[in-house]
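Me: Hi! Could you walk me through a helix and a strand of this protein?
Reply: Happy to, so here it is.

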Amino acid sequence: MSKVDIGTLYVVSTPIGNLTDITSRSLEIFKTVDYILCEDTRITKKIFNKYNISAKMISYNEKNEINKISKVVNDLNNSFKIALVSDAGTPCISDPGFRLISYIKENNLDINVFPIPGATASIAALSVSGLPSDSFFFLGFLPKKKGRNKKIKELQSLKCSIILYESPYRLNKTLIDLYHVLGNRKVFIGREMTKLFEEYVYSDLQSFIDDDTKDSPKGEYVIIIAKEGYRSE
């Protein structure tokens, strides 16, 4: 149960591309908190500039998260109101923030932690993928090296759609690795979602690998892979 006289951490979703995809509640929270933890202050500043928001921002990312947890928790224990945002989408979903919230929960701290819902790239892509959405497995990013093949092999037994994130620089390698282990499954790929040059493609893994005419990859990708044996009806 929430309490009004204790510290509160707001986990605030931000647009995944189009800056108008932000809720009025999120904007109000930005105006009222003591400060905002940002994965990259320069990116969050673009939202603030658009909506004329003046707020204190503090860098809080994968590199410095562990070192800053004690300071943030101390402020929350002193009844601060703090917002947490990632560069795009919902924080803690393949983005910084998990360790902070885990620390609060594991230590049973008397601190409110509230989600402020909004955009999430994985769900947005799934909604337009044409692949089954009644059951799905979200993996996020595959390991770059250690444990990569083992993780892909673990996907073989899943009887549901599989959602991955991938950078433009590893897209082709990932598609090839997936094909070699999972076979030629149906796949949906989205990039630059909600932006000017957003693109969505529905095909199969082999077709993507064999397509020598595709442009150089740009923008972060969402890859959704159908379960084994899936055929659209």
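Me: Which elements cover the buried residues of α7?
Reply: This is a predicted model, where local features need pLDDT of at least 70, side-chain atom pairs count only at pLDDT 80 or more, and totals for chains, interfaces and linings use all residues. Residues are numbered from 1 along each chain as its sequence is written, and side-chain values use heavy atoms, with hydrogens and water left out. Helices (H or I, at least four residues) and strands (E, at least two) are DSSP runs, numbered from the N terminus; contact means heavy atoms within 4.5 Å. The cover of the buried residues of α7 includes α6 (148-154), β7 (161-166), β8 (186-191), α8 (205-210) and β10 (221-225).

Me: Where around the axis of α7 do its buried residues lie?
Reply: Buried means under 20% relative accessible area, exposed over 50% and partly exposed in between (1.4 Å probe, protein chains only). In α7 the buried residues are L171, T174, L175, D177, L178 and L182. They cover an arc (from the directions from the helix axis to the C-beta atoms) of only 165° around the axis, so they sit on the same side of α7.

Me: What phi does G183 take?
Reply: G183 comes just after α7. Its phi is positive, at about 85°.

Me: Which residue of β5 is the bridge partner of L9?
Reply: Strands pair if DSSP finds at least two bridges between them. β1 (residues 8-12) and β5 (residues 112-116) pair in the parallel sense over five bridges. In β5, the partner of L9 is V113.
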